[in-house]
Amino acid sequence: MNSTRRSLACLVLTCSFAACGGGAPTPKDAPAAKAPAPAAVTGDKEAQELFQSLCSTCHGTTGRGDGPGAAAINPKPRSFADEAWQASVTDEQIHKTIVFGGAAVGKSPFMPAQPQLKGNTSVLNGLTKIIRGYRTK
Ligand code: HEC
């Protein structure tokens, strides 16, 4: 009993040291370190931030369509790792889906439009690069 309690206390101490101690990765660094972003994409900070704030709720931080927002909607966002889908869409179609939303391209209205990105080619290209980066081949 006593020894159980001691090792528990030890565990708690170790954990809080790891969480607060110097050199531990901040929560902000962690996803970037985990997500295997292709080299070409890492520089595109604005698109990365937009994807994390606007898209990952549904599409998931790894583009697999498993973000928390995806649970309640049907059809689900597809996995961007789906090679057949990747091969079937052009960058142009991806831009259009992002700007005008799912309903405008015959897809689910749950895919929101981002009209503020219309004409913002560099961000649209950045988002498309991120989406293409989830390809497995
Ligand atoms: C509220 C949830 C939600 C958010 C937020 C969201 N999407 Fe989607 N998205 C969807 C759903 C659902 C679909 C699938 C629609 C379908 O298959 O009918 C989809 C489809 C797509 C597609 C097309 C996939 C296909 O089937 O052709 C692309 C590309 C896409 N989303 C990119 C984005 C990007 C980029 C963002 C952020 C700017 C974003 N989405 C934000 C839900 C969301």
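Here are some questions and answers about the ligand site in this predicted model.

Q: What makes the arrangement around the iron atom of the ligand octahedral?
A: Six donor atoms count as octahedral if opposite donors are over 155 degrees apart and all others lie between 65 and 115. The six donors here subtend angles of 87 to 179°, so the arrangement gets that name. For reference, the ideal angles for six octahedral donors are 90 or 180 degrees.

Q: Which residues coordinate the iron atom, and how do you know they count as donors?
A: That would be His59, through NE2, and Met111, through SD, at 1.9 to 2.1 Å. The cut-off for a donor N, O or S atom is 2.8 Å, so both qualify. The pair sits 52 residues apart along the chain: His59 is in helix α4, while Met111 is in the loop between α6 and α7.

Q: Why is His59 called buried?
A: Buried means under 20% relative accessible area, and His59 has 13%, so the word fits.

Q: Why is Met111 called partly exposed?
A: Partly exposed runs between the 20% and 50% limits. Met111 comes in at 23%, so that's its class. Lys129, in helix α7, is partly exposed too, at 37%.

Q: How do you know that Trp85 and Lys107 make polar contacts with the ligand?
A: The limit for a pair of N or O atoms is 3.5 Å. A polar side-chain atom of Trp85 lies 2.8 Å from a ligand oxygen, and one of Lys107 lies 2.9 Å from a ligand oxygen, so both pairs make the cut.

Definitions and conventions: Residues numbered from 1 in each chain as written. Predicted model: local features only at pLDDT ≥ 70, side-chain atom pairs only at ≥ 80, totals over all residues. Heavy atoms only, no water. Donors = N, O, S within 2.8 Å, 3.2 Å for Na, K, Ca; no water. Tetrahedral: all angles 85-135°; square planar, octahedral: opposite > 155°, others 65-115°. Helix = DSSP H or I, 4+ residues; strand = E, 2+ residues; numbered from the N terminus. Buried < 20%, exposed > 50% of the residue type's maximum accessible area, 1.4 Å probe, protein only. Polar contact = N/O pair within 3.5 Å; in protein donor to acceptor, adjacent residues only side chain to side chain.
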